[in-house]
Amino acid sequence: MRLAFVSNKIPYAQSILVLGGDGKREVRAAQLAAQYPSLDIWVSSGSLPHHASEFFLAEQVSLSRVILDYDATDTVTNFTTLVAKLQENEIQH
């Protein structure tokens, strides 16, 4: 009964979000993306585009699923700069 309640209250992920800083985060996101092929990947101020592409291609993740955003200037704006874009794409979870 508890499992049913939790499943109802916690929705399925709609996307993978990477908040910049360390290339290891993008590598892990690429691994997750390979396991969850229906999810797009949003990367906020991560590695340079050619490095980010290498991480995802190494896991055979199509770059059409990867949205790279370089508007952030610090840790807080890594998320806040994407809020409107996520809302526009109806991503809540």
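In the predicted model, three strands form an open sheet in the order E1-E2-E3, with parallel pairing. The edge positions are taken by E1 and strand E3 (66–69), each of which has a single partner strand, so one side of each is left without a neighbour in the sheet. From one strand to the next, the twist averages 15°.

The pairing of strand E1 (residues 15–19) with strand E2 (residues 40–44) is parallel and extends over 5 bridges. Within this pair, Leu17 has Trp42 of E2 as its bridge partner. Between E1 and E2 the chain passes through helix H2 (residues 23–35), and the resulting β-α-β crossover is right-handed. Helix H2 lies across both E1 and E2. Relative to E1, H2 runs at about 175°.

On the E3 side, E2 and E3 also pair in the parallel sense, here over 4 bridges. Ile41 stands opposite Val66 in E3. Trp42, the bridge partner of Leu17, stands opposite Ile67 in E3. The connection from E2 to E3 runs through H3, and this β-α-β crossover is likewise right-handed. Trp42 is thus placed opposite a residue of E3 and is also bridged to a residue outside that strand, Leu17.

The two crossover helices were then examined as a pair. The axes of H2 and helix H3 (residues 49–58) come within 8 Å of each other and cross at roughly 30°. Because angles under 35 degrees count as roughly parallel, H2 is described as roughly parallel to H3. The crossing of these two helices is right-handed.

Residues from both helices make the contact. On H2 these are Gly23, Glu26, Val27, Ala29 and Ala30, while H3 supplies Ala52, Phe55 and Phe56. By class, the contact of H2 with H3 comprises 6 nonpolar residues, 1 polar residue and 1 charged residue. Glu26 of H2 is the charged member, and Gly23, also of H2, is the polar one.

Conventions: Residues are numbered from 1 along each chain as its sequence is written. This is a predicted model: local features need pLDDT of at least 70, side-chain atom pairs count only at pLDDT 80 or more; totals for chains, interfaces and linings use all residues. Side-chain values use heavy atoms; hydrogens and water are left out. Two strands pair if DSSP finds at least two bridges between them. A crossover is right-handed if, with the strands pointing away from the viewer, the path from the first strand over the helix to the second runs clockwise. Axes are lines fitted to C-alpha atoms, for helices over the stretch in contact, and angles run from 0 to 180 degrees between N-to-C directions. Angles under 35 degrees count as roughly parallel, over 145 as roughly antiparallel, 65 to 115 as roughly perpendicular and the rest as oblique. A crossing is left-handed if the near helix is turned anticlockwise from the far one by less than a right angle, and right-handed if clockwise. Contact means heavy atoms within 4.5 Å.
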